[in-house]
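This briefing covers overall dimensions, charge distribution and selected salt bridges. Please read it alongside the sequence and the coordinates shown below.

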Amino acid sequence: MDHKAAKRVAIVGAGTSGLAACKHLLARGFRPVVFEAGASVGGLWTRTLASTRLQSPTAGYRFSDFPWPEGADTYPRHDQVVEYLAAYARRFGVHECIRFRSQVVAAEYVGEDDDACVAEQWAGNGEAFGGDGAGVWRLTVRHGDSDSDTTQVYEFDFLILCIGRFSGVPNIPAFPPGGGPDAFRGRVLHSMDLSDMDDADAAALVKGKRVAVVGSGKSAYDVAAECADANGVERPCTVICRSPRWLLHDVTVWGKLHLGYLYMNRFAELMVRKPGAGLASTLLATLLTPLAWLISKVTGAYYKKAIPMWEYGMEPEFGFAGSISSCKIGMLPEAFYDKVRDGSVVIRRSRSFAFCEDGLVLDGGAVVVPADVVILATGFRGDQKLRDMFVAPRVKAIVAGSSSDTAAVPLYRECVHPRIPQMAVVGYSESLTNIYSVEMMAKWVARFLDGAFRLPSVPRMERSAAEWGRYMRRSNGESFRGACLGAVNIWYNDQLCRDMGCHPRRKKGFLAEWFQPYGAVDYADIQ
């Protein structure tokens, strides 16, 4: 048997990152096993609201070697996205590797685990499968549904987690004593629970009800728009928002210039103090700070004029460039502010909220919002979801960073934990178009498993991960919530390309290289 096929590789999750990881491992001769808890590929795209569409145009949201079919909408519906991902899985033989309705409930490293704490080289020799005496990952997998399930234990030589950050463990705010959901006589649920419902059940839940949605991100606006469509002005949906974000109606400014030309090319990244870039790059970014400020100011001014944010008190408190570097940016539901204008959506700003018997109390009691249903669109605890995968207390304690820094997962190249051997994480870090970044991570991991390069020493990886963590916290400021590659995606890809032995400059000609937006297609020849 070929030595690659003999290596046992497990992938957890069949969303975009899991599909990409499997595809590129297959291309290099491995036969991975993909465990997917759901009944189909697609990850989050299989559990969305009825109205959900792709936020990025299809030209940007695609695999490098698999275009969308001709005639596809610019912003496809969620079911069209699922079909695109399913077609990708069929085209590259990924579907045959997936075990559906198979939930990994526990992962345990069996081997010289304590040595990983003091080892100079990752897995003993810096290679994916380790040296002599390498351990294995023991996975406990629940197969089937709740009515008839079985549990089996498997062992693998390498584990790839593709579980994402935006599912699984909801982020529930803290409430004052007596002000939690128990004080409310209506129904309280998280947006995740609403998305998991059948479309008909979700529509029935909100129909004819006074609905309050808590949150300031894309999901809060999507939920509010659906409720407004269901109930109109007779039962307006109230959105409780603490800190508004940049949610856009279009990705072009002045109707002509795509945002990619302002924020997704090499010239734009010259204005960013990039991690590991050296003194000269830092000095140049400092000199270009006035230009970066001007671009952010002008771009923000355009959107503030084009979208009636000011009229409804929804101007973001941070600059436009900050939304790029923190990935706190999205697309408005269609005609959202028309719904606000006609009264089917009501927006209320509040620094705090609590429950009462009849609804929500804002800002310590200044305002009471009557409600029958409260939907918390308050995000997810991706760090806790990652910790919950593991059995060993040591791994739980280190995999997602310290308890005081839960958002900063210390991954080298955003993929490998320096102290956890024979494991990679793909797709945990965000970008402006996630499919673009996760595919590059998948290519890097596949080449690493194929022996194309070794990892540097553990201390060096830890220094690199810490430097990237400091960049993300510095560039995001108070809005920091985790790893985002939005403003440094090209620079990040450059590091991966150098590791893989590929030239990082991907375009033809000086002007194209520096001023044209980068995307997945530019890396299509890296397999």
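A residue counts as buried when its relative accessible area is under 20%, as exposed when that area is over 50%, and as partly exposed in between. Arg413, at 15% relative accessibility, is therefore classed as buried. The model discussed here is a predicted one.

**Overall architecture**

- The secondary structure of the protein consists of 19 helices and 20 strands.
- The radius of gyration is 23 Å, which agrees with the value near 24 Å for a compact globule of 527 residues.
- The C-alpha trace spans about 70 × 60 × 50 Å along its principal axes.
- Among contacts with a separation of 6 or more, 73% join residues 24 or more positions apart.

**Burial and surface**

- Buried residues make up 54% of the 527 in the protein.
- The protein exposes about 22700 Å², of which carbon and sulfur atoms supply 52%.

**Charges and salt bridges**

- The protein carries 60 positive and 58 negative charges, and the mean positions of the two sets are 5 Å apart.
- Side chains of opposite charge can pair when their charged atoms come close.
- The structure holds 28 salt bridges.
- Asp499 and Arg413 form one salt bridge, with an N to O distance of 2.7 Å. Asp499 belongs to helix 18 (residues 489–500) and Arg413 to the loop between helix 15 (393–399) and strand 20 (423–425), so this pair ties together parts that are 86 residues apart in sequence. Asp499 is partly exposed at 21% relative accessible area, whereas Arg413 is buried.
- Arg351 and Glu317 meet in a salt bridge at 3.7 Å, N to O. Arg351 lies in the loop between strand 15 (345–349) and strand 16 (353–356), and Glu317 in the loop between helix 11 (289–306) and helix 12 (320–326), so the pair links parts 34 residues apart in sequence. Arg351 is exposed, with a relative accessible area of 54%, and Glu317 is exposed at 51%.
- Arg77 pairs with Asp79 in a salt bridge whose closest N and O atoms are 2.9 Å apart. Arg77 is partly exposed at 34%, and Asp79 is partly exposed at 37%.
- A network of salt bridges links Arg185, Glu357 and Asp358.

**Surroundings of Arg31**

- Arg31 sits in the loop between helix 2 (16–27) and strand 2 (33–35), and is partly exposed with a relative accessible area of 49%.
- Leaving aside residues up to four places away in sequence, Arg31 touches Ala5, Leu26 and Cys97.
- Arg31 and Arg8 are 23 residues apart along the chain, and their C-alpha atoms are separated by 7.5 Å.

Terms used:
Residues numbered from 1 in each chain as written. Predicted model: local features only at pLDDT ≥ 70, side-chain atom pairs only at ≥ 80, totals over all residues. Heavy atoms only, no water. Helix = DSSP H or I, 4+ residues; strand = E, 2+ residues; numbered from the N terminus. Rg over C-alpha atoms; globule rule 2.2 N^0.38 Å. Buried < 20%, exposed > 50% of the residue type's maximum accessible area, 1.4 Å probe, protein only. Contact = heavy atoms within 4.5 Å. Areas by Shrake-Rupley, 256 points an atom, 1.4 Å probe, with all protein chains shown as cover. Lys, Arg positive; Asp, Glu negative; His and termini not counted. Charge placed at Lys NZ, Arg CZ, Asp CG, Glu CD. Salt bridge = Lys/Arg side-chain N within 4 Å of Asp/Glu carboxyl O.
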